[in-house]
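Me: Could you take me through the terms used for this structure, setting each value against its definition?

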Amino acid sequence: MPVQIGAKPESGPDDPIGWLSDCHRRIERFLSVLVRVSEQAGAGALTGPRRSVFENALRYFRDAAPKHTADEEESLFPRLRRIDAADLREALDLVTGMERDHRTAEAMHAEVDRLGVQWLTGGQWGGEQAARLAELLKGLTQMYARHIDLEDNQLFPAAKRVLPDAERIAAGREMAARRGNRLLTRAAPICIYWTR
Ligand SMILES: [Fe+2]
Ligand SMILES: [Fe+2]
């Protein structure tokens with residue numbers, strides 16, 4: 001199912017750093033959906049429109065968000081680590097912390113997914129499970145706020161300054177290949193991504 005986010009045209013493979021920042025907007029948006037539904041439905045049953053938006057957001061973090069982590073850890077960070085630039089040292093110090101955050105987020109998302117599926121499928125659900133879900137989502141919201149701020153405002157601007165064109169293009173191609181090269185065809189607007 002295609003979903004279009006925001007009015008601004010999204011970046012594509014020729015601007016992989018911009019593309020990564022666009023992904024941050026999706027992470028923020030889908031996380032806010034999980035938080036909102038969790039707050040509104042609490043320990044009650046998940047029904048109606050809330051159910052479908054929650055399911056969609058859960059699927060985003062299960063299927064699409066891991067590609068963003070791979071984009072950073074496999075296509076961006078190794079390229080930055082290979083560059084010997086004085087003005088990149090500070091930014092590179094951040095990378096280890098970013099990778100640590102990714103592992104923490106993965107563990108938290110795995111538990112959110114398990115609880116979310118339990119909620120959706122009519123498994124055991126009550127105050128205890130709802131409170132744990134709310135706690136995890138609060139933790140993720142805090143972590144992403146700090147993590148995304150560091151990436152968008154420190155790491156990515158530094159990467160944009162130092163990444164040679166050939167490396168930028170190679171990173172964009174890897175990111176597109178990670179999504180089956182659908183974005184390279186331009187058959188559809190590149191602001192469209194697939195939720196499954
Ligand atoms: Fe990251
Ligand atoms: Fe990121």
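Reply: What follows takes the metal site and then the burial of two of its residues. This is a predicted model, in which local features need pLDDT of at least 70, side-chain atom pairs count only at pLDDT 80 or more, and totals for chains, interfaces and linings use all residues. Residues are numbered from 1 along each chain as its sequence is written, chains are lettered from A and ligands numbered from 1 in the order in which they are written, and side-chain values use heavy atoms, with hydrogens and water left out.

Me: What makes Glu72, His102, His147 and Glu151 donors of the iron ion (ligand 1)?

Reply: Donors are N, O and S atoms within 2.8 Å of the metal (3.2 Å for Na, K and Ca), and sites may look incomplete because water is not among the atoms. Glu72 (OE), His102 (NE2), His147 (NE2) and Glu151 (OE) coordinate the iron ion (ligand 1) at 2.1 to 2.2 Å, so they fall within that limit. Glu72 also coordinates the iron ion (ligand 2), 3.1 Å from ligand 1.

Me: Why is the site of the iron ion (ligand 1) called irregular?

Reply: Four donors count as tetrahedral if all angles lie between 85 and 135 degrees; four count as square planar and six as octahedral if opposite donors are over 155 degrees apart and all others between 65 and 115; anything else is irregular. The angles among the four donor atoms run from 81 to 171°, and the site is classed as irregular.

Me: How do you know whether His147 and Glu151 are buried or exposed?

Reply: Buried means under 20% relative accessible area, exposed over 50%, and partly exposed in between (1.4 Å probe, protein chains only). His147, at 3%, therefore counts as buried, and Glu151, at 0%, is buried too.
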